[in-house]
Amino acid sequence: MATIEFSSREKLWSINAGALQYLLKVADDGSLINVHCGGRVGPAETFRLEGHFPFEPGLHLLREEYSTFGGLRFMEPCLKAELPGGIRDCVLKYVGHSITDSRELAVTLGDIGYSLQVELHYRAYPEYNLISRWAIIRNAGQEAVTLEEALSGAVSLPRRSTWRLGYLAGHWAGETRVVEEELKAGKKVLESRRGTTSHQLNPALFLDSGDAVEEDGEVWGCLLAWSGNWKAVAEYASHDQLRLYMGVNDFDFSWHLAPGESFTTPKMVVAYSSEGFGGLSRSLHRFERREVLPKNHADKPRPVIYNTWETLYFNVNEENLKTLAERAAEIGVEIFVVDDGWFRGRNDDRAGLGDWEPDPSKFPRGLGPVIEHVKSLGMKFGIWVEPENVNPNSDLYRRHPDWVYHFPGRPRSEMRNQLVLNLCRSDVREYVFGWLDRLLTENDIGFVKWDMNRNFSEPGWPDAPRERQREIWVRHVLAIYDILDELRRRHPDVVFEGCSGGGGRVDLGAMERYDQFWTSDNTDALDRLYIQEGYTMAYCPKTMGAWVTGVPNFLTNRSLSLEFRFHSAMMGALGVSVNLLELSKQEIEEAKMHIEFYKKVRHIVQDGDLYRLRSPRCGGLAAFQYVTPDKAESLLFLFSLQQGFGERIANVTLRGLDPDFIYELDSSGQTLTGALLMNYGIDPALRGDYKSRIIHFKAKR
Ligand code: GLA
């Protein structure tokens, strides 16, 4: 069956994306209707519309593919526009379509009165059971148009009696916790108005009929590739029709479309699985690794990093970095990253942001000697930057107080003592790109951690024409995308890590530019089990930065064993930020042993399939399993939580293995068949609270 089929008789398109089938049809009145989004229903030419409202007059609009504010439409609009002459009514009808390289469909719609066109694009990814979609809104007329809402799209869900919405919520140092609730009526709105993706909510949503479980049942996933203000709306439009909308937030948004101009929305990914949340995550992870992550590093292993933050904080200098680097090299670290504190005037978070030269009192000879030392130890050098922000106490701000977002004559609210640079201005963009490009050109740097430690406030851009001033929410994001794209083009070997006070800017748009993310400032290995579980619902472990840090943990005051801390961090892209100078000889040996093991098995974690066998949310025991695509190797991570005496901990049954393979455990000579491991299981054999274990399974050839 072709990936995209078109039946001209029915005016029906079928996008066949593996397990997901997406059907669109032109109704008799010319409007474009979504007929189906879900499991396969058969080839387009045999498809017959059944049932209720699609044929009742007017009600078919409840499934309109790209709803507008216009005519008899009362649901959330994807598009709300002011057309010339103050007309705030927009009604879209089918104009034409095209299919490119047999995978991409573009359907063009046009307003009934003015030359405003909307091109709806759909790219099918049958390998991952998903489609990626976006809209291009074009002003083909002679006068200006104002967009007041321009979402990426809406998904009309099949008619079911119940819908449950799942999402990832939290706060600073507690991101991506899984939340689920039943939708009853009206609208559920999830959004960010903070200028970044946000710690509080993430643009990755899941829908099911309330009965899907980890490895079974129908699940729909919708993700937005956007790193700024976003909005998702789950709305019962009427007659129990549930729709899910996603896109750039219309809050304080408007976009001026001069004649000939167009606005392209961010991409929205719509994924489907009949194999539960686990099945959906695994398809998303594969999609991200092969299609989203920057190509030059996607296939390479993520390096083991050392990051100075939780050891030295702002107190970095040539001497202490050199000493620490020696210890880091000893335990097997591959990239030594200097976090905050290295630039002029930066002794705490009250000054320095903006003055991006090495602080002469800490680095009298510049960064060169440290970089050379790190390289001589066989590691690469990495560095922390926060390019979008400025401390008022900096030379940059003293020179250019007008370079930040502000409203003239009004207070400029500081967060972490800083303000946001107005990247909508070309001079500010050039400055930011210029110093970053110079830093990477003049120094041998292999890794950049790009941070963003505040939310936007007073989002004024006083020099812009009035009609463009609310475009800042979108223009800022496009500016950082452009800067990152150009830096990557000029410095292809550099690995970029995205950070926003931890996981405040994790999304598919950012993932097109960052090779990995700093998942959370919460480095407590137990809290991390929950944060990492939620993270992996949508995002692949390869991108999930996780450090081993000191005890007691600076946030939770909890002291977990070094082993537990390593095991928790080894479920993603491993890093270390523990004070190596304070570790005993024995602990250094232990760290070395874990890192050596991680390097041998990281391909299983980073490029394998993840099975969340037992959620920490269920208590007792948490279990996560990774399997290589060829099923030849697997890793089982086990963590005991609080256990009462005599509480029964059942065997853990594995998944995703080949039943006929014979697997050797931990190179011990002991072997078990895949069938036994999957159907009988294995005794976790963890006695006591907060113990952990990793078991490595390797098929014997
Ligand atoms: C943020 C990051 C931390 C660290 C500090 C430095 O909080 O999330 O990892 O880099 O900034 O100031």
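# Spaces within a predicted model

The structure holds six cavities of 30 Å³ or more, and since the model is a predicted one, these spaces are best read as features computed from its atoms. In the largest cavity there is about 60 Å³ of space. The residues that line the largest cavity are Tyr405, Arg412, Ser413, Leu419, Val420, Arg454, Phe456, Ser457, Glu458 and Pro459, and by class this lining is made up of five nonpolar, two polar and three charged residues.

To place what follows along the chain, it helps to know how the chain is divided. The protein chain is split into domain 1, which covers 4–292, domain 2, which is assembled from 305–387 and 424–607, and domain 3, which covers 613–699. Between the C-alpha centres of domain 1 and domain 3 there is a distance of 39 Å.

From the cavities the reader can turn to the pockets. The largest pocket has a volume of about 430 Å³, and among the 27 residues that line the largest pocket, those closest to its centre are Trp172, Arg416, Asn453, Gly501 and Asp521. Sorted by class, the lining of the largest pocket consists of eight nonpolar, 10 polar and nine charged residues. Both domain 1 (4–292) and domain 2 (305–387 + 424–607) contribute to the lining of the largest pocket, with at least three residues drawn from each.

What takes up the space of the largest pocket? The ligand does, for the space that the ligand takes is the largest pocket itself. Around the ligand stand 13 residues, of which the closest are Asp339, Asp340, Arg416, Lys449 and Asp521. This shell divides into four nonpolar, three polar and six charged residues. Arg416 and Asp521 are thus named among the residues closest to the ligand, and they are also named among the residues closest to the centre of the largest pocket.

Some of the surroundings of the ligand can be followed down to pairs of atoms. In the side chain of Arg416, an N or O atom is 2.9 Å from an oxygen atom of the ligand, while a polar side-chain atom of Asp451 lies 3.0 Å from an oxygen atom of the ligand. Asn453, which is one of the residues closest to the centre of the largest pocket, has an N or O atom in its side chain that is 3.2 Å from an oxygen atom of the ligand. On its own the ligand has 310 Å² of accessible area, and the protein covers 96% of that area.

Note on methods
Residues are numbered from 1 along each chain as its sequence is written. This is a predicted model: local features need pLDDT of at least 70, side-chain atom pairs count only at pLDDT 80 or more; totals for chains, interfaces and linings use all residues. Side-chain values use heavy atoms; hydrogens and water are left out. A residue is near a molecule or strand if one of its heavy atoms lies within 4 Å of it. A polar contact is a pair of N or O atoms within 3.5 Å; within protein, one must be able to donate a hydrogen and the other to accept it, and residues adjacent in sequence count only if both atoms are side-chain atoms. Accessible areas come from the Shrake-Rupley method with a 1.4 Å probe; for residues, only the protein chains shown count as cover. On a 1 Å grid over the protein atoms alone, a cavity is a set of points where a 1.4 Å probe fits but cannot get out, and a pocket is an open set with protein on both sides within 12 Å along at least five of seven lines; lining residues have an atom within 4 Å of a point. A molecule sits in a cavity or pocket if more than half of its atoms lie within 2 Å of its grid points. Ala, Val, Leu, Ile, Met, Phe, Trp, Tyr, Cys and Pro count as nonpolar, Asp, Glu, Lys and Arg as charged, and the others, Gly among them, as polar. Domain bounds come from an automatic or database domain assignment. Grid points are joined across faces, edges and corners, and a volume is the space filled by probe spheres set on the points.
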